[in-house]
Amino acid sequence: MSTSSGARRARSVAFAVSAVGLTAGAHVTAGGEPPDVPQLLLLVALAEGVSARFAGRPRSPAATAAALLTTQVVLHFAFAFATPGHGAHLGPTPSLAMLVAHGLAAAVLGALLSHGERLIAHVVRALLPVAVLHPFRVVPVTRLLVVAPRDVPVRLGASLHDISGRGPPSTSLAART
């Protein structure tokens, strides 16, 4: 199944932005310094360039999660080495909690990216015929003027006794007028 270049580009950009955003968020949450915007843009461009090679067709959630996990590891080292004085926190082995957190984040984001693409495709296939057959057009707004009839008598006097909610009324309001 061939994929258009626009779909491949959208797929690779979504992957790159998700991977860099996830890794940057985890890096800052773990106590690292927030990366600079130029550094983030450079890493998104690099991740997009690499992921574009694999964006020819939709991947399974497991394959997407594996690619995200690999990208997280590479970006983790990039963030750590780019921040002065933080290269030392890259000990010989990461903690089990960190590995579990990265694995869960990659699995969840992989499923979202994989199924989100299918969802968007279904929505576009469902709405495209409607948009072609019934394109959006501006409908002029007409003002509706409501006029009350003039022959209805208006009673201005009503007391709280007339509106009491306890028990049935002794006489109706209409009978008192």
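**Exercise 1.** Which residues lie nearest the centre of the largest pocket, and how many residues line it?

*Solution.* Start with the model itself: it is predicted, so local features need pLDDT (the predictor's confidence in each residue, from 0 to 100) of at least 70, side-chain atom pairs count only at pLDDT 80 or more, and totals for chains, interfaces and linings use all residues. Residues are numbered from 1 along each chain as its sequence is written, and side-chain values use heavy atoms, with hydrogens and water left out.

Next, find the pocket, an open set of points on a 1 Å grid over the protein atoms alone, where a 1.4 Å probe fits, with protein on both sides within 12 Å along at least five of seven lines; lining residues have an atom within 4 Å of a point. Now read off the result: 37 residues line the largest pocket, and Arg11, Ser12, Phe15, Ala55 and Thr64 lie nearest its centre.

Finally, sort the lining: 21 residues are nonpolar, ten polar and six charged. Helix α4 gives the most, with ten residues.

**Exercise 2.** Find the residues with the most contacts inside the largest nonpolar core.

*Solution.* First, recall that such a core joins buried (under 20% relative accessible area, 1.4 Å probe, protein chains only) Ala, Val, Leu, Ile, Met, Phe, Trp, Tyr and Cys residues through side-chain atoms within 4.5 Å. Here the largest one has 13 residues, and Leu68 and Leu75 have the most contacts inside it. Two or more residues come from each of α1 (5–29), α2, α3 (61–82) and α4 (96–133), with α1 giving the most, five residues.

How values were computed: Buried < 20%, exposed > 50% of the residue type's maximum accessible area, 1.4 Å probe, protein only. Helix = DSSP H or I, 4+ residues; strand = E, 2+ residues; numbered from the N terminus. Nonpolar A, V, L, I, M, F, W, Y, C, P; charged D, E, K, R; others polar.
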